[in-house]
Amino acid sequence: MKIGLVTDCLGDQPFEELLKTCRSLGITQVELGVGNWSEAPHVALDTLLESEAMREEMKEQLQAYGISISAFNCSGNPLAPGEWGKREDAVTRKCFQLSEYFGLDTVVMMSGLPGGGSEDCYPNWVVTSWPPETQEMLRYQWNTVAIPYWRELVKIAAAHGVTRLALEPHGCQLVHDVENFYRLRDACGGDPAIGFNLDPSHLFWMGADPLAVARELGKAVYHVHIKDVRVEKPAALNTLMDGKNVLEYAKRSWNFAIPGYGHDERWWREFLVTLKMAGYDGVLSIEHEDYTMDTLVGLRKTVKLLHDNIV
């Protein structure tokens, strides 16, 4: 396994400075956001699509620093109602095209989330079976919107050589757990293009066990994010359903944390061993979102933990 980085956390650094930083930290792969929820600090998507010279320049810079791209990330909500969803879908399709130009077969993304009905303006995340209209909403989301969209999307991805769509389980997404991952894959005829981006942090706060998920999914794990979660004292009163801004970390029920600051090093050692046993030998892409800690300090600590425990 190789150590990588979701580069948005160093968005203030120009691309070449980013590569220098990665090399100094011992990071050999980068995961680059191309748009949608990422501000795409290191990828001018339309410019790269239009200019072969700019693509070649980026490739030369990467080669000069001994760094490769693990995947482009287009996480967003192409299933959102109206123009919003159309814009996010357009970026997703461009991401597939850019991946083809760079010879990449993996894209990191999310499943998306529709509204609860045809008249909705915003996505609607159903997480209970009551009140009874929730079931009607779920039928609409899956049967009317998500399944037709994804059946077509895997074909579009394949046309660009993208054969591994690593879906990140996340709140406010249809695919937020293993059951719904299988539901989407099965609805697309069991297409192996639909895989998993295993990010322990979101699984933690939603109550799942990332170790069990890794064992269950095995070779369907196409990409891994390295990020922890720390449950805080307010959770005892307010539950883990927390909509406060992530920068209000002193008041939140849970916070993103670097590995070892939510679950100890022993847990992370077991996680890496479990990935190995499940057949995973890809990137460990650090996604630094610990707002209590300086970014470079957090990255150094995380890289050290991974270096000390990679099997």
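**A buried histidine, a long-range loop and helix H4**

His225 is buried, its relative accessible area being 0%, well within the under-20% cut-off for that label. The model looked at here is a predicted one. His225 sits in strand E7, which runs over residues 221-226. Its side chain has polar partners: one polar contact, of 3.0 Å, goes to the side chain of Glu31, and another, of 3.2 Å, goes to the side chain of Glu287. Once neighbours within four places in sequence are set aside, the contacts of His225 take in Val6, Glu31, Asn73, Val108, Glu168, Asn197, Leu198, Asp199, Pro200, Ser285 and Glu287.

Next comes helix H4, residues 82-101. With 20 residues at 1.5 Å each, H4 should span 28 Å, and its end C-alpha atoms lie 30 Å apart, so expectation and model agree. The buried residues of H4 are Gly85, Glu88, Asp89, Val91, Thr92, Cys95, Phe96, Leu98 and Ser99. Their cover includes helices H2 (45-50), H3 (52-64) and H5 (133-159), along with strands E3 (68-73), E4 (106-109) and E5 (164-167). After H4 comes Gly103, with a positive phi near 70°.

Another glycine, Gly279, belongs to the loop that links helix H10 (265-277) to strand E10 (283-286). Gly279 has a relative accessible area of 38%, so it counts as partly exposed. Along the chain, Gly279 and Ala220 are 59 residues apart, yet their C-alpha atoms are separated by 9.5 Å.

Key
Residues are numbered from 1 along each chain as its sequence is written. This is a predicted model: local features need pLDDT of at least 70, side-chain atom pairs count only at pLDDT 80 or more; totals for chains, interfaces and linings use all residues. Side-chain values use heavy atoms; hydrogens and water are left out. Helices (H or I, at least four residues) and strands (E, at least two) are DSSP runs, numbered from the N terminus. The expected span of a helix is 1.5 Å times one less than its number of residues. Buried means under 20% relative accessible area, exposed over 50%, partly exposed in between (1.4 Å probe, protein chains only). Contact means heavy atoms within 4.5 Å. A polar contact is a pair of N or O atoms within 3.5 Å; within protein, one must be able to donate a hydrogen and the other to accept it, and residues adjacent in sequence count only if both atoms are side-chain atoms.
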